Amino acid sequence: MLISSNPLTTHSTPKLDANHQLLTIQTAIINQLAQVIRGKLVFNNLLPSLSEQLRDTLLLSGALIFRADQLEPLAASTEQQTSFWSICQDFCKYYRDRLAQGKLILLSVTERRLPSSLRDSAKQANLSNLLIVPFLHRQNYIGGIALYLCEQEREWLPQEIAFVQAIADQCAIALAFTLLEERCQSEVQRRQKSENHLKALGNQTGQLFGLLTPPGMGVEANHKTVEFMGLQKKEIWGV
């Protein structure tokens, strides 16, 4: 039996190369979003480059990343941000029930089953294809990614949709984390404002005034109370 001295060679196909590229980009993006949850990166700061990556990787006309409760997108990589965002909002309202179930929207905007108002506005903007993938966190629809193509039809490959879905899933976690942080910061500010208000009232009154915790530890006392007790504030607080 003859054995060739030349090693076997393998040739990657364009399809495999494209899939590998998608997975590489997907992994890099998800790693960045994971840094948000670790508190090392700010979610909103990542979004401009993320929208550009989505547009350029998938060869699209534009990409938007949005919150469901805001009137403006979080990030956009499109020259027609105002017009496309307006159209995107109309589609999101029309398909809200579907998006709230975590189901993506993928369609040709010229489809007959769409209301004529949606078809007309899409036609005016030369929109041909639209993909909207929602951010769903604990059964709550909190935002999404909207991708579009102008002037030409396209057939979305399963791996491309899976690529966007994987990124959207991680964005949902990062956005939910960001919203929780915002609520915590707002609560801290609200309590600080209330505490400062009580301190001001206490110092203005001529009566003895103090704040106690349920176990009875002092946490605040006005000047009148401090003078009456002849103590330092830190002694009243139990520090």
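User: I'd like to start with the open sheet. In what order do its five strands come, and how do they pair?

Analyst: Strands of a sheet pair through backbone hydrogen bonds, either parallel or antiparallel. In this predicted model, the five strands of the open sheet follow the order β2-β1-β5-β4-β3, and the pairing is antiparallel.

User: Which strands stand at the edges?

Analyst: Those are β2 (75-76) and β3 (105-108). Each has a single partner strand, so one side of each is left without a neighbour in the sheet.

User: How many bridges link β4 and β5?

Analyst: Ten bridges join β4, residues 127-137, to β5, residues 140-150, in the antiparallel sense. To find your place in this pair, look for L130, which stands opposite Y148 in β5.

User: Which helix lies across β1, β2 and β5?

Analyst: Follow α2 (residues 43-57), which lies across these strands. Against β1 (62-67), α2 runs at about 140 degrees. The whole chain has eight helices and seven strands.

User: Now for the interior. Which residues touch the most other members of the largest nonpolar core?

Analyst: In soluble globular proteins, nonpolar side chains tend to be buried together. Here the largest nonpolar core has 33 residues, and F135, I145 and L147 touch the most other members. The elements giving two or more residues to this core are α1 (14-37), α2, β1, β4, β5 and α6 (158-204). Helix α6 gives the largest share, eleven residues.

User: What is I145 in contact with, leaving aside its neighbours within four places in sequence?

Analyst: Its contacts include L54, L64, F66, L131, F135, V164 and A168. Apart from this core lies another, of 24 residues, with I87, I105, L114 and A125 among them.

User: What share of the chain's residues is buried?

Analyst: Buried residues make up 36% of the 239 in the chain. As for the outside, the chain exposes about 15100 Å², and carbon and sulfur atoms supply 53% of that area. You can also ask how far apart in sequence the contacting residues are. Among contacts between residues at least 6 apart in sequence, 53% join residues at least 24 apart.

User: How many disulfides does a search of the whole structure find?

Analyst: The search finds zero. Take C88 as a case: the nearest cysteine sulfur, that of C92, is 3.9 Å away, whereas a disulfide needs the sulfur atoms within 2.5 Å.

User: Are C88 and C150 buried or exposed?

Analyst: C88 is buried, with a relative accessible area of 0%. C150 is buried too, at 13%.

Methods: Residues are numbered from 1 along each chain as its sequence is written. This is a predicted model: local features need pLDDT of at least 70, side-chain atom pairs count only at pLDDT 80 or more; totals for chains, interfaces and linings use all residues. Side-chain values use heavy atoms; hydrogens and water are left out. Two strands pair if DSSP finds at least two bridges between them. Helices (H or I, at least four residues) and strands (E, at least two) are DSSP runs, numbered from the N terminus. Contact means heavy atoms within 4.5 Å. Axes are lines fitted to C-alpha atoms, for helices over the stretch in contact, and angles run from 0 to 180 degrees between N-to-C directions. Buried means under 20% relative accessible area, exposed over 50%, partly exposed in between (1.4 Å probe, protein chains only). Accessible areas come from the Shrake-Rupley method with a 1.4 Å probe; for residues, only the protein chains shown count as cover. A nonpolar core is a set of buried Ala, Val, Leu, Ile, Met, Phe, Trp, Tyr and Cys residues joined through side-chain atoms within 4.5 Å.
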